[in-house]
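Reader: Hi! Could you walk me through a few spots in this model? I'd like to chat about side chains and helix packing.

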Amino acid sequence: MLGGYAHKLAKIDLTAGSVTYEVPKQDDLEKYVGARGLGVKYVYDNGPKVDPLSPDNLLCFMNGPLSGTAAKMSGRLCVVTKSPLTGGVTDAHMGGWSAAKLKWAGFDGLLVKGASKHPVYLLVKDGAVTINDASSLWGLSVHETCAALQKKHGEDADVMAIGQAGENLVRFANWGNNDERYAGRGGTGAVGGSKKLKAIVVLGKRENQPRPANPEAWKEADKQASATINDPKNVTAPKKGGLSLYGTNVLMNITNVIGALPAHNGKNTSMPGAENISGETIRETRLVKDNTCHACPVACKKMVEVEINGKKIRFESYEYESAWALGAHQGNVDRDWVGYAIYLCNLYGMDTIEAGNAIAVLMEATEKNYVSAADGMKWGEKEGQAKMLEMIAMRRGIGDKLAEGPARFAQGIGHPELALTVKGQAIPAYDPRGLKGMGIAYATSNRGACHLRAYTPASEILGVPVKTDPLAWEGKGKLTKLFQDVSAFTDSLDLCKFSQFAEGPEVYAAQFSAYTGKTVTVEDILLAGERIYNLERHYNNLAGHREGSDSLPKRFTHEPSDSGGSKGQVCELDKMLEEYYADRGWVNGVVPQAKLAQLGIVSGSAADD
């Protein structure tokens with residue numbers, strides 16, 4: 001048996017109130033690795049035609065072969081399902097200790113199907129899962145739920161929970177844990193709410209941590225990984241770079257200067273005063289302490305304290321994407337009110353990026369008189385933003401329509417062009433007029449607009465693995481495919497995305513080989529990543545995302561940038577798509593049968609079903 005794995009899955013049927021156990025197939029582990037890849041395989045096997053909010057949808061909580069081990073930056077847990085936001089497959093990752101404790105409790109994953117008649121939570125302990133009544137927890141926030149269940153099961157219990165947004169089926173609701181880490185995107189929390197699954201409590205003992213299959217080889221692999229993460233000569237090394245000091249919000253000032261910070265719903269490409277909500281300013285004025293996740297020396301998470309109407313509020317974390325979506329994107333650079341908005345999204349359990357985009361659409365719609373003054377909001381509103389976030393979470397007033405996501409809201413008011421979305425999911429904090437690689441990465445992302453499928457700013461801003469011109473489109477199709485395949489593999493290990501700023505496929509191969517005992521090469525890693533990415537795309541093709549789905553909002557392709565280093569630029573998506581499809585072997589966004597067969601995903605006529 002391969003090392004690193006628990007070699008056990010729990011299959012929970014909430015309709016029947018039953019739990020069964022099985023061993024994951026060796027062939028699945030070798031092809032799809034774990035976490036994201038293995039979860040996608042199970043969602044694919046469950047079928048692409050299910051209604052995301054029906055009992056038939058499958059909700060997977062997965063870790064990888066390196067989760068819960070001594071591997072650096074291995075504290076990620078993956079939630080995989082069919083998204084109620086996009087209608088395609090989605091995966092979302094959270095940090096903290098959830099993945100490690102799930103592995104220590106004896107599981108590679110929890111596969112949840114069906115729907116309970118009343119609220120329930122799962123208790124995972126000593127290799128067993130039980131279903132417990134959660135009626136008294138229904139209506140509580142993520143924070144309140146985690147606190148209540150830790151009080152009941154002890155401080156060592158790891159708790160993952162949905163808030164009111166998940167209960168009310170907000171299409172971008174998420175899962176959060178007691179360490180304030182969130183599986184943010186795609187609406188996984190709404191799927192939990194549809195199943196009346198309020199929380200998961202995990203009690204895992206560190207002494208159950210898996211040991212490497214090849215201890216000597218592991219020492220060398222771990223030494224390699226540590227050297228790259230801590231390399232003092234590498235400005236992008238996570239431990240030595242801005243991530244440790246300022247967290248992800250180290251990017252606010254950088255993207256603002258180069259004209260790649262969408263502001264006022266993308267009407268502008270930079271925002272005056274954005275430095276007020278930057279990582280540097282937050283560290284100087286609002287930082288309480290640096291926190292970290294399992295086996296991570298970087299500590300990019302920042303506990304901060306803001307003050308609203310005389311009340312001090314502490315939370316984690318003042319992330320770049322969140323500060324942008326609830327700040328510059330809405331014309332707001334008040335660091336306390338932006339922080340409070342992040343806190344409220346965390347409290348209710350909903351994606352900060354999607355929530356911020358939804359309100360930005362409402363603000364532009366108000367400016368253009370597409371909605372009534374009674375329902376509308378002006379740019380930069382602070383108290384109004386806080387009230388609107390509550391209305392979204394509780395589905396009250398116009399918040400009920402915004403809870404459907406910015407794409408559906410904009411369509412509903414007759415102006416779909418206002419929604420900066422791809423496949424139904426809103427963009428994160430990078431304008432593809434100033435970072436061309438993000439344009440092709442957004443368009444071809446399998447989970448909708450996303451920076452984490454292929455983080456091209458690593459190359460365009462940081463020079464990893466090579467420096468490329470952010471305003472040049474040539475070569476970005478090939479670069480994006482490479483990043484997508486590597487990320488699919490690391491998301492399946494499951495290692496933090498920031499490990500890619502230092503480690504490369506060679507180091508990943510050494511770590512995987514030493515821990516599992518199965519020797520793999522760089523070519524094997526890239527093939528596995530390619531297989532996972534193509535399986536996701538094939539699922540989405542079968543679910544309805546077919547020819548022409550890889551698009552961008554016309555704001556990015558037809559309206560030139562107005563400011564910063566990108567002034568006058570548009571995103572040349574069509575040229576990059578041509579290069580990308582040629583490298584992928586796809587036909588206008590659809591995976592052909594020959595490609596599926598080549599990768600061992602399906603055989604024969606199954607590819608056309």
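Author: Happy to. Keep in mind that this is a predicted model. Let's start with Lys31, which is partly exposed, with a relative accessibility of 22%.

Reader: Which residue does the Lys31 side chain meet in a salt bridge?

Author: The partner is Asp27, with an N to O distance of 3.9 Å. Asp27 is also partly exposed, at 42% relative accessible area.

Reader: How many residues apart are Lys31 and Asp27 in helix H1?

Author: They are four residues apart in H1, which covers residues 26–32, so about one helical turn separates them.

Reader: Nice. How many salt bridges does the count come to?

Author: The count comes to 40. One of them links Glu390 with Arg396, where the closest N and O atoms are 3.4 Å apart.

Reader: Are those two buried or exposed?

Author: In between: Glu390 is partly exposed at 32% relative accessibility, and Arg396 is partly exposed at 46%.

Reader: And what about Lys481, which residue does that side chain meet?

Author: Lys481 meets Asp485 in a salt bridge, 2.8 Å from N to O. Both residues lie in helix H19, four residues apart, about one turn of the helix.

Reader: Is Lys481 buried or exposed?

Author: Lys481 counts as buried, because its relative accessibility is 13% and the cut-off for buried is under 20%. Asp485 is buried too, at 2%.

Reader: Which residues are joined into one network by salt bridges that share partners?

Author: That network consists of Arg36, Asp91, Arg453, Asp491, Lys497 and Glu536.

Reader: Switching to helix packing now. At what angle do H19 and H20 pack?

Author: H19 (residues 476–493) and H20 (residues 505–516) pack at about 30°, and their axes are 12 Å apart. That makes H19 roughly parallel to H20, because angles under 35 degrees count as roughly parallel.

Reader: Is the crossing left-handed or right-handed?

Author: The crossing of H19 and H20 is left-handed.

Reader: Which residues meet there?

Author: From H19 there are Val486, Phe489, Thr490 and Leu493, and they meet Pro505, Tyr508 and Phe512 in H20.

Reader: How many of the contact residues are nonpolar, polar or charged?

Author: Six are nonpolar, one is polar and none is charged.

Reader: Great, can you recap H19 for my notebook?

Author: Sure! H19 holds both Lys481 and Asp485, whose side chains meet in a salt bridge. H19 also packs with H20 at an angle of about 30°, in a left-handed crossing.

Notes
Residues numbered from 1 in each chain as written. Predicted model: local features only at pLDDT ≥ 70, side-chain atom pairs only at ≥ 80, totals over all residues. Heavy atoms only, no water. Axes fitted to C-alpha atoms, helices over the stretch in contact; angles between N-to-C directions. Helix = DSSP H or I, 4+ residues; strand = E, 2+ residues; numbered from the N terminus. Parallel < 35°, antiparallel > 145°, perpendicular 65-115°, else oblique. Left-handed = near helix turned anticlockwise from the far one by under 90°. Contact = heavy atoms within 4.5 Å. Nonpolar A, V, L, I, M, F, W, Y, C, P; charged D, E, K, R; others polar. Salt bridge = Lys/Arg side-chain N within 4 Å of Asp/Glu carboxyl O. Buried < 20%, exposed > 50% of the residue type's maximum accessible area, 1.4 Å probe, protein only.
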